[in-house]
Every structure is written in structure tokens, then in C-alpha cells.
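Subject: The structure to look through

Hi,

Here is the structure I promised to pass on. Have a look at it first, and then read my notes below with the view open beside you.

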Amino acid sequence: MTVAVGRAVTVRVPATSANLGPGFDTLGLALSVYDELEVEALEPGLLEIEVDGAGADQVPRDASHLVVRAIAYAFADAGRPMPGLRLRARNVIPHGRGMGSSGAAVVSGLLAAKGLLEGDVDLDADTLLRLATELEGHPDNVAPALFGGLTIAWVDEGGPQHKKLLVHRGVSPIVFVPEFTMSTSVARGLQPDQFSRADAVFNVSRSALLIAALTQSPELLMAATEDKLHQSYRAAAMPETDRLVQALRREGFAAVVSGAGPSVLVLADGPGRRLEAAQLVASHADTPWEALMLAVDFKGGTVRDNAEGATSLT
């Protein structure tokens, strides 16, 4: 079945922060910064792309655009012919800052495909997570972008899996975003292939504690966000980020590297503490940081047929 020319959908996908300290490649949190995308089906072979906002001067305007690649990947998986496309992207998630911009692009494309194929092929939640993980390489960013909230992601013989949890209302995220960027592949390459048993046990205990802290006991966030598997190994590549994390933690703030960095996520245990963190950074940081006071996004990505209404995956 061919998608009708003129069929159009609108997609909205949140930013994410992965790892959250000890939960390397496993934990992710959806945050209230959103990329929006309008996609209209055209005659096959046509492609028009408009991009405004974050990264607009850096992304391609051809079939190599990550959103287009994700749409094409979903259509191929479904065994359906790819239509021509008109894309209008409004990007707000900072690029190359550890807030899941590439994962959001992948999820945006897959949700656009879901909307265009609605009524012919059902791209359910499991299929979307599988496709997103295949494109992104690991599920810790794409799971919260798809489903919202706090997600635990893992891969077993059945493919990528996830569990969504609701975050305690006392948790108040703030992200400090620098002007400089960091390559995820470079950051990942700085980690060793093996770790000591002591460090592995340390992170297992902190990851378990972090689930309790985020869902039930925010007062435990400082201890729960300690990590020995990735942040220290990446510190030399982003010294400004490391200095800010250490400065915030010395003052009792649960600060971690957001994703692969270089942004810094603080999981404050209340709005007042979040304001204190912002004031500390504004008065003492040795490099400019934009403070984003955010909420946890509980809905995840949504797709709306422009002739109908919005649909969430949860």
C-alpha cells in the first residue's frame, strides 16, 4: 500500500539524559525540551527539508538526514514503498551536548513513519524500540524519548526491552549546557574495556539505589549518583565539565555528566535546591553555562495525524 500524497503528521519528541551517573547504557530520563517535526508525503522521489533552530546550519538537506534515514528504515522494515517527503524540523534540543539530540532525531523519524503508515502497518511500541535501538546502537536514550519518564533499558534474546517508572515529584532537574560540544563516539572511546570487580559492584549498588532515590527517596540522590565506570575516564576530554561536576558535588548537589557530555545534569531534591545550584554556577563557573530548569517529561514522543489528534505510546 502506498501512502497517499498530502498525508501529513506532526511529531514531538523530548530531550533525554542518559546514564544518570552509575546507570551506564541502562538508565535514561526524558526532559521537557522538545524537537518538533512536520512530515508530509509527496510523490515518490521528491525530498524537501527545512530546518530551524539548534544545529540548523550543520545538518544535511538530503537523504542522509537522520530523520529521513529513520523514516526510510521503518518503511523498509515494514516492506512498504518509501514516499517522497517534505520535512519541516524545529529543533530545540542542543546538538552535541549530551541531551539525546541524535536519539530524538531517530525517534522523530520512526514516529513520523508510524503516523504515515497508520491504517496499513502497526508500528507498535516494541517495534519502535527495536528499530530505534538498531539505528542508534543502544537503547538508553531512545527508550525515554519514546516512552517518557525514567526508563530502564536492556537487551535480551528477544531484543531491546524497557521498563518505564514514574519519578518522584520532588526531583527537580536542571541542565547546564556549555557552548562547546562533545562527540559521543570520542567519549565512549575513552573508557577501558575491563573494570575491576570492586568498581563493578560499586556501580551495581549505586544504580539500584538510584532507582529508589528517583522514585521514592530524593534525599538519597547524592550517594545514588556516584559512578566509577565512565565519568572519570572521560574527564580529560572535557575538563570544564569535570570541574563543574566536582564543584557542584562538593556543595552537596547530585551532579553528573549528562549522557556523553559535555552538559551537566543536576538532580536536585526540590525547586529551592535547584535555584541554589544555578546561583552557584552563575557566580563561580570559569566558563559560560546556560541553565535549563526543566521538568521530567512523562509522556514521551507523540505523533499527530494533522487531520486527527495526537497519539502517545504510553
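Please keep in mind that this is a predicted model. A good place to start is helix H9 (residues 239-250), which lies across E7, E8, strand E9 (264-268) and E10. Its direction is at about 160° to that of E8. On this sheet you will also find helix H10 (residues 271-284), which touches E7, E9 and E10 and makes an angle of about 20° with E7.

Now for the sheet under those helices. Its four strands follow the order E8-E9-E7-E10, with antiparallel pairing, and the sheet is open. Strand E8 (255-257) and strand E10 (289-293) each have a single partner strand, so one side of each has no neighbour in the sheet. From one strand to the next, the twist averages 25°. If you are new to sheets, it helps to know that strands pair through backbone hydrogen bonds, in a parallel or an antiparallel way.

To see one pairing in detail, find strand E7 (residues 172-178), which is joined to E10 by five bridges in the antiparallel sense. Val177 is the residue to click on here, with Glu290 of E10 standing opposite.

**Around strand E4**

Next, move to strand E4 (residues 84-91). Is this strand mostly covered or mostly open? Six of its eight residues are buried, so far as the model shows, and E4 is mostly covered. Strand E2 (residues 27-42) runs antiparallel to E4, and seven bridges join the two. One pair to look for is Glu38 with its bridge partner Arg88 in E4.

Strand E3 (residues 47-53) is also joined to E4 by seven bridges, but here the strands run parallel. Leu47 has Leu85 of E4 opposite. Follow the chain from E3 and you pass through helix H1 (residues 66-78) before reaching E4; this β-α-β crossover is left-handed.

**Strand E1 and its partners**

Strand E1 is mostly covered too, with ten of its eleven residues buried. Eleven bridges tie E1 to E2 in an antiparallel arrangement, and Val9 stands opposite Val39 of E2. E1 also pairs with strand E11 (residues 302-305), running antiparallel over four bridges. There, Thr10 has Arg304 in E11 as its bridge partner.

**The largest pocket**

Which residues lie nearest the centre of the largest pocket? They are Leu66, Gly100, Ser101, Ser102 and Glu136, out of a lining of 41 residues. The volume of this pocket is about 730 Å³. Strand E1 (8-18), E2, H1, E4, helix H2 (101-117), helix H3 (125-136) and helix H5 (184-189) each supply at least two residues of the lining. H2 gives the most, with four residues.

Ser101 deserves a closer look. This residue sits in helix H2, and its relative accessibility is 17%, so Ser101 counts as buried, the limit being under 20%. Leaving aside residues up to four places away in sequence, Ser101 touches Ile93, Pro94, His95 and Gly96. Ser101 and Asp35 are 66 residues apart along the chain, and their C-alpha atoms are 8.6 Å apart.

**Some loop residues to visit**

For a contrast with Ser101, try Gln194, in the loop between H5 and helix H6 (197-215). Gln194 has a relative accessible area of 71% and is exposed. The C-alpha atoms of Gln194 and Leu229 are 9.5 Å apart, while the two residues are 35 apart in sequence.

A few backbone details are worth finding as well. As background, most residues other than glycine have a negative phi, and most peptide bonds are trans. Asn19, in the loop between E1 and E2, has a positive phi of about 80° although it is not a glycine. Asp25 is found in the loop between E1 and E2 as well, and its phi is positive at about 60°. How buried or exposed are they? Asn19 counts as buried at 3% relative accessibility, whereas Asp25, at 21%, counts as partly exposed.

Last, look at the loop between E8 and E9, where Pro262 has its place. The peptide bond from Gly261 to Pro262 is cis, with omega near 10°.

Enjoy exploring!

Best wishes

Definitions and conventions. Residues numbered from 1 in each chain as written. Predicted model: local features only at pLDDT ≥ 70, side-chain atom pairs only at ≥ 80, totals over all residues. Heavy atoms only, no water. Pairing = 2+ DSSP bridges. Axes fitted to C-alpha atoms, helices over the stretch in contact; angles between N-to-C directions. Contact = heavy atoms within 4.5 Å. Buried < 20%, exposed > 50% of the residue type's maximum accessible area, 1.4 Å probe, protein only. Right-handed = clockwise from strand over helix to strand, strands pointing away. 1 Å grid on protein atoms, 1.4 Å probe; cavity = no way out; pocket = protein on both sides within 12 Å on 5 of 7 lines; lining within 4 Å. Points joined across faces, edges and corners; volume = space filled by probe spheres on them.
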